[in-house]
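Colleague: Thanks for making time today. Could you walk me through this one, a few questions at a time?

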Amino acid sequence: MTELVIQTKGLYKIYKKRAAVVDLNLEIARGDIYGFLGPNGAGKTTTIRMLLGLIQPTRGAIHLFGKDLKSEKMDILRRTGSLVEYPSYYGHLTAVENLEAIRRITGGPKSRISEVLEIVSLTKEAKRPVKGYSLGMKQRLGIAAALLNNPELLILDEPTNGLDPSGIHEIRELIKNMPRQYGITVLVSSHLLGEVEQMADKVGIIREGRMVFQDTIDNLVSTASSGFRLSVSEPEAALGLALDLGCEGVLRNQMLELESMQDAKIALLVKRLVENQHAVYRVEEQRRSLEDIFMQIVGEGSRV
Amino acid sequence: MMFRALSADWLKIRGKGIWFLAALGPVGLAAMQGLNFGLRYDYLMKSYAADPWGGLLENVLFFVPIALFLGITLVCSLMANVEHQLSSWKQLLALPISRTAVFSAKFVQAFLILCVSCLLLSISTAVLGIILGMGADQMPYVDLLRIGFVQLFAALPMLAFQLWMSLTLKNQGIAVGIGITASVVSMFALQFPDWIPLKWPLLAYMGPGEARVIGAGLLLGAVIACAGLIHFNRKDVD
C-alpha cells in the first residue's frame, strides 16, 4: 500500500449555522499531485486551513505523514510548505527580506533563499520592494516562501487565481516539476478543472462541503466518452448492419449515432461496412468535455 | 522559538515608522518643556530655585502618562498592522512555530520599543536640564530614569490589553479608538480612586505605595497577557 501523506477522517467544520465542510475523507499518497476541485465557496479553503492548523475542525481527525495534527503540529508544519489563497507578504520589504523573515523562524541556511528565488525565477527582482510586484510575481514569491523550508508536502490554495495565461502556464510547469525533481507531494486547489487536469494525477471534487468524487484523473476522463457518430453513404442500410452487430443507436440527420463501445467492436463495424460496399466518410467519437463532467458532478452532487 | 519570531519581527517593522514614533514621543515631551521653560525662564527658575531639576521633572511628569498610553496604543497597532495589512497571519501561523511564541515575541517587541522611548525620555530631559543651565553635578539620575521606566511598568496592563486587541481584531479602528480614549481620560487620573489602572503610572512615580503599584502593574499586566495569549491560541485564523 502506498503511504498516505494526507488523510482526513470524517472531517467537519460547522460555523454558527452553516456547515462549511461535511464528513470529508481526503486521501493523498506520497508523490502525488492532487487536484482539489470545487466551485467557489465549496469548502476548499476551509479544508486547507484545517490541514494547516489555522482553524480548528468541529469534528473529525487529520493525519499528515501518519501523525495526528493536534498532537504533533510542529513536526508536521516543519515538513509542510503552504500558500493559502492570495499570497501573504510584507509589501515594504524586498523579496529577499520577506524570505529572510520566514527563514529566521524556520531556520535553515541563508543560501536557501537564493535557491528558491532561482526556482521561481525571481532572482533578478529580488532586491525590489514586493509592493511593486505584479500579481504573478507575488504569487511566485508565495511559492518560493512555501518551498523555503524544503517541504515534503506542498499545499497550494488557488495558486493561479488572477493570473494571466502565461503566468498560469509558468506556475503549472513549476508545480508539475515538484514531485519529479524534488519528490514533493502536492495538494493544489482550484475552481477550474481544465487547469488541474493538466497537472494532477488524482482529483477530489468537493461541493457544498462534501466530497462528491475522488479518483484518478484517468478514471474521470474515461467517463467522458458518450458514443460515436458515423457518416456513411447509405445511412439506413448501415444502421441495420450496426444493429445486427449488437450496437445500439439511432439515425439522426443522416448520421448514425451509436452508444459508446469497445475499440474492437467499432473496428469490426467499420470492416463490415466496407465489406458491404458502404463508403465511410467519418467516424467521430463524441466526448463530453471534462468541464461538462465537472459541471454535472458539481451540479448534481452525484458520483459519475 | 520566541527569539526566532522576535528576530523576524525586528525585520518586519523596518521602514514602518515605529522607531520614528518611539523617538518622537519622548523628544517631543522634552521639546515642549524646552518651550515652556524658554518662554518663562526667569519666572520658572525663580520659583524652582531651591530644586530646579525637581521642577523640571514635575513639569514633565504630568505629560508622561498620556504620552505613554498613546505610545502603547500606536506601537501595538502599527506592529499588528504589519501582519493584518496583507493577511500575513495565515502564512506566519502555518510556519512551524507555536502561537505562544508569536504572541510573546510581539509582547516583548512592544515592551522593548517602549523601553527605548523611556530611555530617550530620560536622556532628552537630562539634556534639556543642562541646556537650561541646571547644574550637571546636581543631576538626579535615579529620578530621571524613574520618570519613564517606573511609569512603563505601571502601564503594563494597558500594554497587554492593547496588544491583545490589536493582534486579534482586524479592525484597528476599535483598538486605536479605545486606546486614545483611555489616553485622554488618563489626563484626569489624579482625581480617580487609586484602584483604577489609568492612575497607576502617576502613583508609581509619586506614591503613595510606589512598589505596591508597580507590583500591581506587573501582576495585572501578566494576567491580561495570559488571557490574550489563551484567546490568540484558540482563535481561528481567516
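Colleague: Let's start with a single residue: in which strand of chain A is the place of I206(A)?

Modeller: Gladly, and do keep in mind that this is a predicted model. I206(A) falls within residues 202-207 of chain A, and that stretch is strand β10.

Colleague: Is I206(A) buried or exposed?

Modeller: The count to look at is that of other C-beta atoms within 10 Å, and a residue needs 20 or more to be buried. I206(A) has 25 of them, so the label for I206(A) is buried.

Colleague: Which residues does I206(A) touch, leaving out those up to four places away in sequence?

Modeller: One group comes from earlier in chain A: F36(A), L37(A), G38(A), A42(A), G43(A) and K44(A) are among the residues that I206(A) touches. To complete the list, add M211(A) and V212(A).

Colleague: And how far apart in space are I206(A) and T94(A)?

Modeller: In sequence, 112 residues separate I206(A) from T94(A). In space, going from C-alpha to C-alpha, the separation is 37 Å.

Colleague: Now the whole of chain A: is it spread out or compact beside the globule rule?

Modeller: Chain A is built from eleven helices and 15 strands. For its 304 residues the globule rule gives 19 Å, while the radius of gyration is 25 Å, well over that value. The box filled by its C-alpha atoms is roughly 80 × 45 × 35 Å along the principal axes. By the radius of gyration, then, chain A is more spread out than a compact globule.

Colleague: How does chain B fare by that rule, spread out or compact?

Modeller: Chain B has twelve helices and zero strands. Its radius of gyration, 19 Å, is close to the 18 Å that the rule gives for 238 residues. Along the principal axes its C-alpha trace spans about 65 × 40 × 30 Å. So, as a globular protein of that length would be, chain B is compact.

Colleague: What share of the residues in chain B is buried?

Modeller: For chain A, buried residues make up 41% of the 304 residues. For chain B, with its 238 residues, the share is 45%.

Colleague: Which residues have the most contacts inside the largest nonpolar core?

Modeller: That core has 145 residues, and helix α5 (residues 64-84) of chain B supplies the largest share, 13 residues. Residues from both chains lead the contact count: A144(A), V186(A) and V75(B).

Colleague: Staying with V75(B), which residues does it touch beyond those up to four places away in sequence?

Modeller: Some partners come earlier in chain B, namely I18(B), L21(B) and A22(B). The others that V75(B) touches are A110(B), I113(B) and L114(B).

Colleague: Where the chains meet, which element gives the most to the side of chain A that touches chain B?

Modeller: The contact takes 23 residues from chain A and 23 residues from chain B. On the chain A side, the elements giving two or more residues are α2 (73-78) and α3 (95-106). By class, that side has 13 nonpolar, six polar and four charged residues. The top contributor, with seven residues, is α3(A).

Colleague: How far apart are the end C-alpha atoms of helix α7 of chain B?

Modeller: Helix α7 covers residues 99-131 of chain B, which makes 33 residues. At 1.5 Å a residue the expected span is 48 Å, and the model agrees, with the end C-alpha atoms apart by 48 Å.

Colleague: Let's turn to backbone angles: what is the phi of S121(A)?

Modeller: S121(A) sits in the loop between α4 (111-119) and α5 (135-147) of chain A. With 13 other C-beta atoms within 10 Å, S121(A) is partly exposed. Its phi is positive, although S121(A) is a residue other than glycine, with a value near 45°.

Colleague: And what is the phi of S87(B)?

Modeller: S87(B) belongs to the loop between α5 and α6 (89-93) of chain B. S87(B) is partly exposed, having 18 other C-beta atoms within 10 Å. Though not a glycine, S87(B) has a positive phi of about 50°.

Colleague: Last one: what ipTM does the model score?

Modeller: For chain B, the average pLDDT is 91, and 100% of the residues score at least 70. For the model, pTM is 0.85 and ipTM is 0.84.

Methods:
Residues are numbered from 1 along each chain as its sequence is written. Chains are lettered from A and ligands numbered from 1 in the order in which they are written. This is a predicted model: local features need pLDDT of at least 70, side-chain atom pairs count only at pLDDT 80 or more; totals for chains, interfaces and linings use all residues. Two residues are in contact if their C-beta atoms, placed from the backbone, lie within 7 Å. Helices (H or I, at least four residues) and strands (E, at least two) are DSSP runs, numbered from the N terminus. Ala, Val, Leu, Ile, Met, Phe, Trp, Tyr, Cys and Pro count as nonpolar, Asp, Glu, Lys and Arg as charged, and the others, Gly among them, as polar. A nonpolar core is a set of buried Ala, Val, Leu, Ile, Met, Phe, Trp, Tyr and Cys residues joined through C-beta atoms within 7 Å. A residue is buried if 20 or more other C-beta atoms lie within 10 Å of its own, exposed if 12 or fewer, and partly exposed in between; C-beta atoms are placed from the backbone. The radius of gyration is taken over C-alpha atoms; the globule rule is 2.2 Å times the number of residues to the power 0.38. The expected span of a helix is 1.5 Å times one less than its number of residues. pLDDT is the predictor's confidence in each residue, from 0 to 100.
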